[in-house]
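Colleague: I have the sequence and the model open side by side, and I'd like a close look at one part. Please pick a short stretch, go through it carefully, and then tell me how the chains around it are put together.

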Protein chains: 4
Amino acid sequence: MIPNKNLKQYALKDTAHYKIHGRTNETRETLPLFYSGSGIEVNVTGSELWIDIDVDFDTHEPWVWTDLNGAFMSRQMLLPGSYSLCLFRGMNPDATKNIRFSRELQAMSEDNACRLLIIGFRSDGAFLPVKDRPFKLEFIGDSITSGEGTYGAREDTDWLSMYMGMSRNYARIVSDELNAEYRVISQCGWGVLSSWDNDPRHNLPSCYEKICGLLTGETNEQLGAGKLYNFQSWIPDAIIVNLGTNDASAFEQPEWKDPVTGQAFKQHREPDGTYRPEDLMRFKQAVISFLSMLRRNNPTSHIVWVYGMLGYDLTFAITDAMNAYQEAAGDHNIAFLQLPNTTDMTIGSHAHPGEKSHIRAAQVIIEYLAPILAEHRAP
Amino acid sequence: MIPNKNLKQYALKDTAHYKIHGRTNETRETLPLFYSGSGIEVNVTGSELWIDIDVDFDTHEPWVWTDLNGAFMSRQMLLPGSYSLCLFRGMNPDATKNIRFSRELQAMSEDNACRLLIIGFRSDGAFLPVKDRPFKLEFIGDSITSGEGTYGAREDTDWLSMYMGMSRNYARIVSDELNAEYRVISQCGWGVLSSWDNDPRHNLPSCYEKICGLLTGETNEQLGAGKLYNFQSWIPDAIIVNLGTNDASAFEQPEWKDPVTGQAFKQHREPDGTYRPEDLMRFKQAVISFLSMLRRNNPTSHIVWVYGMLGYDLTFAITDAMNAYQEAAGDHNIAFLQLPNTTDMTIGSHAHPGEKSHIRAAQVIIEYLAPILAEHRAP
Amino acid sequence: MIPNKNLKQYALKDTAHYKIHGRTNETRETLPLFYSGSGIEVNVTGSELWIDIDVDFDTHEPWVWTDLNGAFMSRQMLLPGSYSLCLFRGMNPDATKNIRFSRELQAMSEDNACRLLIIGFRSDGAFLPVKDRPFKLEFIGDSITSGEGTYGAREDTDWLSMYMGMSRNYARIVSDELNAEYRVISQCGWGVLSSWDNDPRHNLPSCYEKICGLLTGETNEQLGAGKLYNFQSWIPDAIIVNLGTNDASAFEQPEWKDPVTGQAFKQHREPDGTYRPEDLMRFKQAVISFLSMLRRNNPTSHIVWVYGMLGYDLTFAITDAMNAYQEAAGDHNIAFLQLPNTTDMTIGSHAHPGEKSHIRAAQVIIEYLAPILAEHRAP
Amino acid sequence: MIPNKNLKQYALKDTAHYKIHGRTNETRETLPLFYSGSGIEVNVTGSELWIDIDVDFDTHEPWVWTDLNGAFMSRQMLLPGSYSLCLFRGMNPDATKNIRFSRELQAMSEDNACRLLIIGFRSDGAFLPVKDRPFKLEFIGDSITSGEGTYGAREDTDWLSMYMGMSRNYARIVSDELNAEYRVISQCGWGVLSSWDNDPRHNLPSCYEKICGLLTGETNEQLGAGKLYNFQSWIPDAIIVNLGTNDASAFEQPEWKDPVTGQAFKQHREPDGTYRPEDLMRFKQAVISFLSMLRRNNPTSHIVWVYGMLGYDLTFAITDAMNAYQEAAGDHNIAFLQLPNTTDMTIGSHAHPGEKSHIRAAQVIIEYLAPILAEHRAP
């Protein structure tokens, strides 16, 4: 390789202009990328651009992807270490290139050592301002929203980071189509009340008010994952909640027992196959509480609960809770939207929605949100 | 035309085999086709087949379409009179042809003179048995289910029979794809509680228990439209209700006044734009009552309420009513399913869903119903 | 039916404005529609429009279709007799409606009694001028261009008028998409040199210079089918020739013998399976002669020979002839364009291209012609 | 990262089973990947797999992509050095994983230092046999076949390795769909007779009989690029030639002058815009010679010349040459197939066919080749 002698190294804070995507702790020297879809975007001249990163994990390696001028360019596994990745080479030095470096992998609650930090850049060009997109969308969900299954062959059944892809995820497709910035808070297997296997600690609401409350351990603490999130810093036009799928699974799974306290949890079906009323009721209460929490922190955002990409089982429970919340709170800025179920034709790896299912779901959300956002912008 | 000297004329009752589609009065010499999609299906040998019909109307002429061996062949306006239509000519006389003659136009509550009767056939072949399809579906709806807008140019805004097309309608597409027989009970502008313009007499539930209760006048009485329907005669595997769209319009339209009694009716919005609670409540009560009526008459049918092809406004009201019904009746054999809204890309004539919108909605219903019907059949 | 007392009857020549489509004899009181896609177009106000026609045939009945404001509205078989068809009723009388009444069926060389004449109209409105479309396209072909197979079920194997559909044909799709008028000269089974079964009289070039030279018999003579065509009356921007498919079949079929003279004709394959050179040569000569005839009569038209919807067998023979013609004539305003072959997914009835195959072929032609027509229009 | 202590290192030649894709020199310790789509495929058990590679270049860095169990998994730039890339981690150790590591970038005649060598693997599993696919396809072409434009935004106009993508290329799509192995010989800007800018040294035929004759310099010589290719080692069922696009450009471009000898070359248009006959003739001669060379080296392969993804300009010249070759050689195992032109809807970066154009072209080739390959296999 003929070395480019004009490359200059920039610490992140010395980079003239850049834009951070995703909920994170922006106060540090190096920038942690916690969630899927979090990343950094720059407009830069020059022929060449490198990004300096720091990576580690115990078992679940992070993946990233890049977009150049809005087009998908690369997707790769990150190995541990502090090193530089070249984002482009040999380009027309005068043109301004827009490049976005993004985390494919969800925040990994099962691997506290997993970290991906942006240290800075190397370039022979200049960093120019990055425009804000006109809209802001927040997506909250489970494995569907983490894009599990969007990569990998249909017969692949391992639970692996490499099958999780924000780049093919409905949230990314919706946001790009609507020209919106997006933030994703999601975790495979988690629900509103409990996880798919009845662990009541694994619910998204309990983490929602922290930057990345689902991450724990010393490293994450240092990175600021557990700090309270500043809801004023980025006010979403709409919040898209895609939860309930794991809460439905919990009714089919065995009891969970707390390894420490021995306390147990389980959602039951009645002998006739219907959901046990008191269990259904605590699920509805969790929905109601979460809606209240969302509204408390996001007074102006339109909230739409989307549901159905892996079955419609809890449609009535969710709408009943939403009706009850609406009546109690007098809050009419909420909606319920079903998404097309995943079929044999649209399924991906690990029995999760494939890219085709995400494209189809995205289309329904795009059509739903477009007029609402247009109205938001109007005044 | 070289006349076919081998044609024999058959009165309907003398036709060896035929299959009637759609709710009708089957006890007469001549068969009235009341609803969209109602018709007659024969399997016949011979080179040529004619159908003898009797047609009249005051202002809204009926249209029909034919399918030959399952493929769309013709669509035409019917002029008044008693006459014969040729359904095919010159075919291989030995082969058995399956032909279906169907009404495109909905039952026309606005034209009591409108009638379409099947008198019999002329053929040089033999009539053979027509197989039942493995499933039965009943569709209940408004102009969407009458296929208004599936024919006609986007800019056409007349309210006309010729724009109503069962042949491009989601109910037809779903049924053909799932290999199901179907019956349609629908009327443009009508709702569960009232019509789009607040006329409380124009609701589907009030007609549901008669053969074709929405038709009145002397002719229709003679034809038997007002007779009680025998729900034992054709037990649907699933009932698809697509209502609520006109009930939502009623909130936007002026008061209706009974021309005779002077009594008025109107669904109101509150000053803040929300639906007035007591008006919403009577809509929900209408949904609950209709569900009870459907269940009373169809104890074993899966009932799915589909909604959204022209907006999602009453999603919460419908689901709230369904939840309340479910809880009160302990009836878990019901579901709510949203259909993709109609967009600029999928709209048809008269601001109604076009063929593309019907195809898309049909796909969602097909995917929803397929496993449910498979289970139904299993035992 | 409540009769419309305001209907006035118009003989064709007394109709203020109308536009004739398709090659025909325009000098008569009543207008014969010879070819598929030939028809009449009017812009008319008023609430109601009828067309007066005269129809007869021995064995092959004509079919027609109508477009209202550019949208497909009806398709039906015509029975023999002189009668009126209603084209629309009950429309807003003030709006101008564009309606087109078109022949679905090809000119029927096998039924000399087959005729379809337009006598006039009945309307309560006024006839307004019909705009010319900016481009003119002439299509010359065989059963593919007659739309055989675009209607009918895949398993239907009769050779029947009702399976021939200009309304789903690539020539119609191309013309509508490019906003062009079109004329079609086509005949099932015919080729450039001979028919599919080696009848050398059944070639399109021999008929090309007459209005509809493939029709014979007394009726057609009276209608003017055999009169020379006036090439100055309608100068195509492009001529699309879709021939060769039947010439390829001739190599596979038995010898044809003239029933009168006893003379025989046959295209042969060599023992090794290749085409016999002298037989191939006479096919090429036929292509060359036809190109010369087309150019002589159409000095300015772009000529594109399209090929492949039912196999690519004669690609080299056609291009070789075109190369030879080009070199000899110095004519560079010609092109060769392959169309996607018909597959299991796109086939229609009678083993012919179905609607999907026509849509796909049309797309290739549209993309090819669009820039050529744009250039034509530029000056 | 928790290190996997069970990883064992395998030199390539010590790897029990693997399958090489693409023309290369298989006699070395380390395996050079010259062409786009060349790579290595293994079936392996174990939880983890790494590949050891050696990379260098002056200016044009290679890119690679991986498929896991047939599904696209990663695409990334390779930096210079000798290092390991992890192909997967954390998988079910018992399952056999099929993984393919492939070069995205074409052989780079403009960067003699560019090399990509496979040294070996590291794994905790066992290497199992890799099945041959039932068919073999050879693709010969220019930038279209190098996949230029399949990555990158539409407005990107640099000539860069990262925009060249075999993973989205028609040759890859065709081969995967037909379950065929493939080899690609291609070079951006080159033609049959000369390059797009009239350099007569830049023609594919001159390189065809060497392993990778378009690469020169010391490194490539050591790697064996210039050695004669053994045509017996891999006999293609079909050869797909996609050339002519740059030969058409040469008629529009200025004269090229040899920097050493000063000799000039240029393809001319006549004043009337047509191609100068003697220049066209030498292009045709080049086509004829190339066909002879292809046949000499591949006596049994079906040869199809595909053309049109960037314009149809030389259709007649190519078919004329093919006709002449066919007549002279008596070789009927050749065909000419046009591909749909690239449109505004299907274009990619650098004014080259985008992924959509490749998918569409692939479909035509798949439909063309499928029956031919089926026949090949039959006996």
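Modeller: Let's take helix H1 of chain D, and start with what is tucked away there: D:Tyr170, D:Ala171, D:Arg172, D:Ile173, D:Val174 and D:Ser175 are buried. Keep in mind that this is a predicted model. By "buried" I mean under 20% relative accessible area. The helix spans residues 170–177, and six of its eight residues meet that cut-off, so it is largely enclosed by the rest of the structure.

Now look at what flanks the helix. At the N-terminal end, D:Asn169 acts as the cap, with a side-chain oxygen 2.5 Å from the backbone nitrogen of D:Ala171. Just past the helix comes D:Asn179, whose phi is positive, at about 55 degrees.

From there, step back to how chain D meets chain A. The contact draws 39 residues from chain D and 39 residues from chain A. Between them these chains bury about 3,100 Å², with carbon and sulfur atoms accounting for 61% of it. On the chain D side, the residues that lose the most area to chain A are D:Met1, D:Met73 and D:Arg89, which together make up 20% of what that side buries.

D:Arg89 turns up again when you look at charges. Its side chain meets that of A:Glu61 in a salt bridge, 2.8 Å from N to O. The interface of chain D and chain A has two salt bridges by the rule used here, and 17 residue pairs in polar contact, counting pairs with both residues at pLDDT 80 or more. The elements of chain D that put two or more residues into this side are strands E5 (49–56), E6 (63–68), E7 (71–77) and E8 (81–88). E7(D) has the largest share, with seven residues. Sorted by class, the side of chain D that touches chain A holds 21 nonpolar, nine polar and nine charged residues.

The pairing also has a simple geometry. Turn chain D by 180 degrees, with 0.0 Å of shift along the axis, and it superposes on chain A with an RMSD of 0.0 Å. Within chain D, the C-alpha nearest that axis belongs to D:Arg75, at 2.6 Å. The same surface serves both copies, as 100% of the contact residues of chain D recur in chain A.

Next, chains B and C. Here the contact takes 39 residues from chain B and 39 residues from chain C. The area buried is about 3,100 Å², and 61% of that comes from carbon and sulfur atoms. In chain B, it is B:Met1, B:Met73 and B:Arg89 that lose the most area to chain C, together 20% of what that side buries.

For the polar side of this interface, the rule gives two salt bridges between chain B and chain C. In one salt bridge, the side chains of B:Glu61 and C:Arg89 meet at 2.7 Å, N to O. There are also 17 residue pairs in polar contact, again with both residues at pLDDT 80 or more. Strands E5 (49–56), E6 (63–68), E7 (71–77) and E8 (81–88) of chain B are the elements that give two or more residues to the side touching chain C. Of these, E7(B) gives the most, seven residues. By class, that side of chain B divides into 21 nonpolar, nine polar and nine charged residues.

Chain B can be laid on chain C by a turn of 180 degrees and a shift of 0.0 Å along the axis, with an RMSD of 0.0 Å. That is the relation of a two-fold axis. The C-alpha of B:Arg75 is the one in chain B nearest the axis, 2.6 Å from it. And 100% of the interface residues of chain B are interface residues in chain C too, so the copies meet through the same surface.

Last, a couple of pairs that stay apart. Chain B and chain D make no contact, and their closest C-alpha atoms are 17 Å apart. Chain A and chain C do not touch either, with 17 Å between their nearest C-alpha atoms.

How values were computed:
Residues are numbered from 1 along each chain as its sequence is written. Chains are lettered from A and ligands numbered from 1 in the order in which they are written. This is a predicted model: local features need pLDDT of at least 70, side-chain atom pairs count only at pLDDT 80 or more; totals for chains, interfaces and linings use all residues. Side-chain values use heavy atoms; hydrogens and water are left out. Buried means under 20% relative accessible area, exposed over 50%, partly exposed in between (1.4 Å probe, protein chains only). Helices (H or I, at least four residues) and strands (E, at least two) are DSSP runs, numbered from the N terminus. A polar contact is a pair of N or O atoms within 3.5 Å; within protein, one must be able to donate a hydrogen and the other to accept it, and residues adjacent in sequence count only if both atoms are side-chain atoms. Contact means heavy atoms within 4.5 Å. Buried area is the accessible area (1.4 Å probe) that two parts lose on being put together, summed over both. A salt bridge is a side-chain nitrogen of Lys or Arg within 4 Å of a carboxyl oxygen of Asp or Glu. Ala, Val, Leu, Ile, Met, Phe, Trp, Tyr, Cys and Pro count as nonpolar, Asp, Glu, Lys and Arg as charged, and the others, Gly among them, as polar. Copies are superposed by least squares on the C-alpha atoms of residues with pLDDT of at least 70 in both.
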